[in-house]
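Thanks for coming. I will show one structure and go through its packing and a few backbone details.

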Amino acid sequence: MVYDLKSRNVLVTGGSRGLGALTVERFAKEGCNIVVNYVSATSAAEALVANITNTYGVKSVAIQADVGIEADCRRLVQESISALGGLDIIISNAGWTKLGGFGDLNSLSSDDWDKCWNINVKASLFLMQAALPTFNVNPEGGVFLITSSCAASNPAGSSMAYSVSKAAGLHLMKCLAATQGPKVRVDAIQPGLLLTEWGAKFGEEKIREAIEKAGLKKLASLEDCAEAFVYLAKADTVTGAAVRIDGGQFQH
């Protein structure tokens, strides 16, 4: 039995650009009403809302919130419920990192580590806490999906702080899945290097090395990641799963 996405109410954090924006478009195409969360990209979020509203005829709003702040997480969920008339799916996509020498223990400050932890781990907990009463009274429960990373399962990535926080976020996903059923399904995707505006900051040499390392000689695509979210949202017998999307870049 497939969980029908049509007319579902969906919140996508970090939804104004990159993977978040493509995920917003993909769920709108399925007939979902969408909240596009953003921190500072007001114009991009509003343009995306206008585009999916006009193209797919769904209800969509942009809501500003910094998911690294607990109060903002809780406000974002409540405003999403008010704006859409309910909430069925959360895609906890917003993340944060900073490029640093992976083996250099001083490349990121204590504040940087805290920011990674707040956005990459605690935000998902706070969003779930705020949404749980609504999920539990929904006739078909709720779906909570997380953008993790291959860095969660491998000592690699933009920084050690990012890798460690993504590992914690992935384990949080497993803990939530193990405890919040049968009403709530919780899953994650684990992209490898994505060639977004952020991914380009790694530079041509590192990108070329990553492609060469990948078994398929190509990197994860945003399209595959967005499609994986759609699959996980629909798959009502799947929970606690992490879908690796990396072109064979890593062995997990």
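**Packing and backbone notes**

Start with proline 182, which sits in the loop between H5 and S6. The model is predicted, so please take every value I quote as computed from it. The peptide bond joining glycine 181 to proline 182 is cis, with omega at about 5°.

Now the elements on either side of that loop. Helix H5 covers 160-180 and strand S6 covers 184-191, and each supplies at least two residues of the largest nonpolar core. That core has 39 residues. Helix H3 (70-84), helix H4 (110-137) and strand S5 (142-147) also supply at least two residues each. The largest share comes from H4, with 11 residues.

Which residues have the most contacts inside this core? They are Val77 and Ile90. Setting aside residues up to four places away in sequence, valine 77 touches Ile90 itself, along with Leu11, Leu87, Leu127, Ala130 and Ala131.

There is another core, lying apart from this one. It has 34 residues, and among them are Val10, Leu48, Leu194 and Leu232.

Next, one alanine. Alanine 210 belongs to helix H6, residues 204-213. Is alanine 210 buried or exposed? Its relative accessibility is 8%, and buried means under 20%, so alanine 210 counts as buried. Its contacts, leaving out neighbours within four places in sequence, are Leu193, Leu219 and Gln249. For a distance along the same stretch of chain, take proline 191: its C-alpha atom is 13 Å from that of alanine 210, and the two residues are 19 apart along the chain.

Last, two backbone angles to look at. Serine 7 is not a glycine, yet its phi is positive, at about 70°. Serine 7 is in the segment before strand S1, which runs 9-12. How accessible is serine 7? Its relative accessible area is 48%, and partly exposed runs from 20% up to 50%, so serine 7 is partly exposed.

The other one is lysine 217, also a residue other than glycine, with a positive phi near 60°. You will find lysine 217 in the loop between H6 and helix H7 (222-234). With a relative accessible area of 46%, lysine 217 is partly exposed.

To recap the backbone items: there is the cis bond between glycine 181 and proline 182, the positive phi at serine 7, and the positive phi at lysine 217. That is the end of my part.

Methods: Residues numbered from 1 in each chain as written. Predicted model: local features only at pLDDT ≥ 70, side-chain atom pairs only at ≥ 80, totals over all residues. Heavy atoms only, no water. Core = buried A, V, L, I, M, F, W, Y, C linked by side-chain atoms within 4.5 Å. Buried < 20%, exposed > 50% of the residue type's maximum accessible area, 1.4 Å probe, protein only. Helix = DSSP H or I, 4+ residues; strand = E, 2+ residues; numbered from the N terminus. Contact = heavy atoms within 4.5 Å.
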